[in-house]
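Let's take a walk through a protein model together, one piece at a time. Keep the 3D view open and turn it as you read.

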Amino acid sequence: MRANFIFSEVWIGLRRNLTMTIAVIVTVAIGMALLGIGLMVNSQISGMKDYWADKVEVSVFLCKKNDPFPKCKGSGGVNEEEQTALRALIEGMPQVEQVEFEDAAKAYENFKVQYASNTVLLSAIQVDDMPESFRVKLKDPETYGAVIEQLEGAAGVSNVVNQKKLLENFFGLMEKIRGFALVIAGFLVIAATLLIGNTVRLSAYNRRRETGIMRLVGASNLYIQLPFVMEGVIAGLIGGVLAAVLLIVTKVFLFDGVQGYLGNSQLTWETVASVISLTMVFGVLICVLASFVTLRRYLRV
């Protein structure tokens with residue numbers, strides 16, 4: 001089998017069906033990129049859940065003077081006795097592992113760190129605007145229901161916020177993004193398969209005279225099919241490279257952009273490399289299989 005003949009046939013096929021080949025490359029690139037994003041989101045969700053599992057807290061905010069919450073109206077804020085009684089109530093709960101008090105000054109410092117880039121908001125908020133609170137860490141985050149039920153009715157409590165519920169909303173959004181990316185990727189994979197099939201059909205039709213002569217001189221089926229298959233492989237590889245670029249850009253500008261939510265569970269480059277390798281292999285396999293199936297049906301060899 002002469003390699004120069006195979007490569008010349010591949011070049012002829014790519015040149016004759018240039019627009020179709022470009023369409024295949026773009027479709028494979030977008031489809032594999034969306035598939036990769038779905039896999040990256042899935043890995044990120046798993047890492048975040050493991051990271052935040054033992055870090056979620058229940059925040060018990062205390063009433064302060066002129067607080068707008070209905071339970072705090074007319075109270076004038078929590079005094080020292082009420083604060084001491086509330087802490088004793090929290091520490092006496094069997095579900096509670098640790099209690100930490102956060103005063104207005106500490107809350108303001110945490111607020112400045114969290115919103116350091118929002119200068120307009122920082123200039124509008126003062127220390128006196130920040131509420132005091134108890135940060136309650138539970139032995140089992142799943143037992144937050146009974147704790148919140150007791151604390152919401154306690155004297156001096158304005159409201160109770162469960163961080164687990166906030167994280168569940170965030171995880172739910174990530175799950176929807178992952179599902180959307182995978183569904184769109186599935187449709188694009190089907191579209192890529194059909195485009196590859198049409199491209200191979202056109203190539204086979206345009207070169208029907210050459211393939212007929214090759215059959216007459218005793219060329220094997222593999223020898224005749226190989227140039228068409230390699231055209232699909234090249235299109236799949238180029239599409240995979242473009243998809244890899246899109247995945248790297250997504251990692252840098254999307255996943256790294258929400259680093260504050262990720263903590264130590266941030267998506268690693270090793271995971272991205274694994275996803276890129278998987279999507280490139282998958283893209284090439286789709287092209288190879290589509291080429292073989294189309295040739296078996298439309299090229300009589």
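We'll start with the sheet, move on to the helices that pack on it, and end with the cavities and a few single residues.

One thing to keep in mind from the start: this is a predicted model. Now look for the sheet. Four strands make it up, it is open, and their order across it is E2-E3-E1-E4, with antiparallel pairing. Strand E2 (96-102) and strand E4 (157-162) sit at the edges with a single partner strand each, so one side of each has no neighbour in the sheet. If you look across the strands, you'll find that the sheet twists, by an average of 20° from one strand to the next.

What holds strands side by side like this? In general, strands of a sheet pair through backbone hydrogen bonds, and the pairing can be parallel or antiparallel.

Let's go through the pairs here. Strand E1 (residues 57-62) and strand E3 (residues 133-138) run antiparallel and are joined by five bridges. You can follow this pairing residue by residue: Glu57 is opposite Lys137 in E3, Val60 is opposite Phe134, and Phe61 is opposite Ser133. Notice how the numbers climb in E1 while they fall in E3. That's what antiparallel looks like when you read off the residues.

Strand E3 also pairs with E2, again antiparallel, and this time there are six bridges. Here Gln98 stands opposite Lys137 in E3. So you've now met Lys137 twice: it faces Glu57 and it faces Gln98. On the other side of the sheet order, E1 and E4 pair over five bridges, antiparallel once more. One spot to find there is Leu62, whose bridge partner in E4 is Val157.

How much of strand E3 is buried? Five of its six residues are, so the rest of the structure largely encloses this strand. Strand E1 is mostly covered as well, with five of its six residues buried.

Now for the helices on the sheet. Helix H3 (residues 80-91) packs on it and touches E1, E2, E3 and E4, and the direction of H3 makes about 155° with that of E2. Helix H6 (residues 144-152) packs on the sheet too, touching E1, E3 and E4, and its direction makes about 170° with that of E4.

Zoom in on Leu89, which you'll find in helix H3. Is Leu89 buried or partly exposed? Its relative accessibility is 34%, so it counts as partly exposed. Setting aside neighbours within four places in sequence, Leu89 is in contact with Leu151 and Ala154. Leu89 and Leu151 are 62 residues apart along the chain, yet 8.6 Å separates their C-alpha atoms. It's a nice reminder to check the 3D view as well as the sequence.

Next, let's hunt for empty space inside. In general, rolling a probe the size of a water molecule over the atoms shows where such space is left. A search of the whole structure turns up three cavities of 30 Å³ or more. The largest cavity has a volume of about 80 Å³. Which residues lie nearest its centre? They are Ile196, Thr199, Glu231, Gly232 and Ala235, out of eleven residues that line the cavity. Helix H2 (18-52), helix H7 (163-206) and helix H9 (221-255) are the elements that give two or more residues to this lining. Helix H9 gives the most, with four residues. By type, the lining of the largest cavity has six nonpolar residues, four polar and one charged.

Since helix H9 has come up, let's stay there for two last stops. Ala244 is in helix H9, and its relative accessible area is 11%, so it counts as buried. Ala244 and Ala273 are 29 residues apart in sequence, and their C-alpha atoms are 8.7 Å apart in space. Thr250 is also in helix H9. Thr250 has a relative accessible area of 15%, so it is buried too. Not counting residues up to four places away in sequence, Thr250 touches Ile37 and Phe255.

Technical notes: Residues are numbered from 1 along each chain as its sequence is written. This is a predicted model: local features need pLDDT of at least 70, side-chain atom pairs count only at pLDDT 80 or more; totals for chains, interfaces and linings use all residues. Side-chain values use heavy atoms; hydrogens and water are left out. Two strands pair if DSSP finds at least two bridges between them. Axes are lines fitted to C-alpha atoms, for helices over the stretch in contact, and angles run from 0 to 180 degrees between N-to-C directions. Contact means heavy atoms within 4.5 Å. Buried means under 20% relative accessible area, exposed over 50%, partly exposed in between (1.4 Å probe, protein chains only). On a 1 Å grid over the protein atoms alone, a cavity is a set of points where a 1.4 Å probe fits but cannot get out, and a pocket is an open set with protein on both sides within 12 Å along at least five of seven lines; lining residues have an atom within 4 Å of a point. Grid points are joined across faces, edges and corners, and a volume is the space filled by probe spheres set on the points. Ala, Val, Leu, Ile, Met, Phe, Trp, Tyr, Cys and Pro count as nonpolar, Asp, Glu, Lys and Arg as charged, and the others, Gly among them, as polar.
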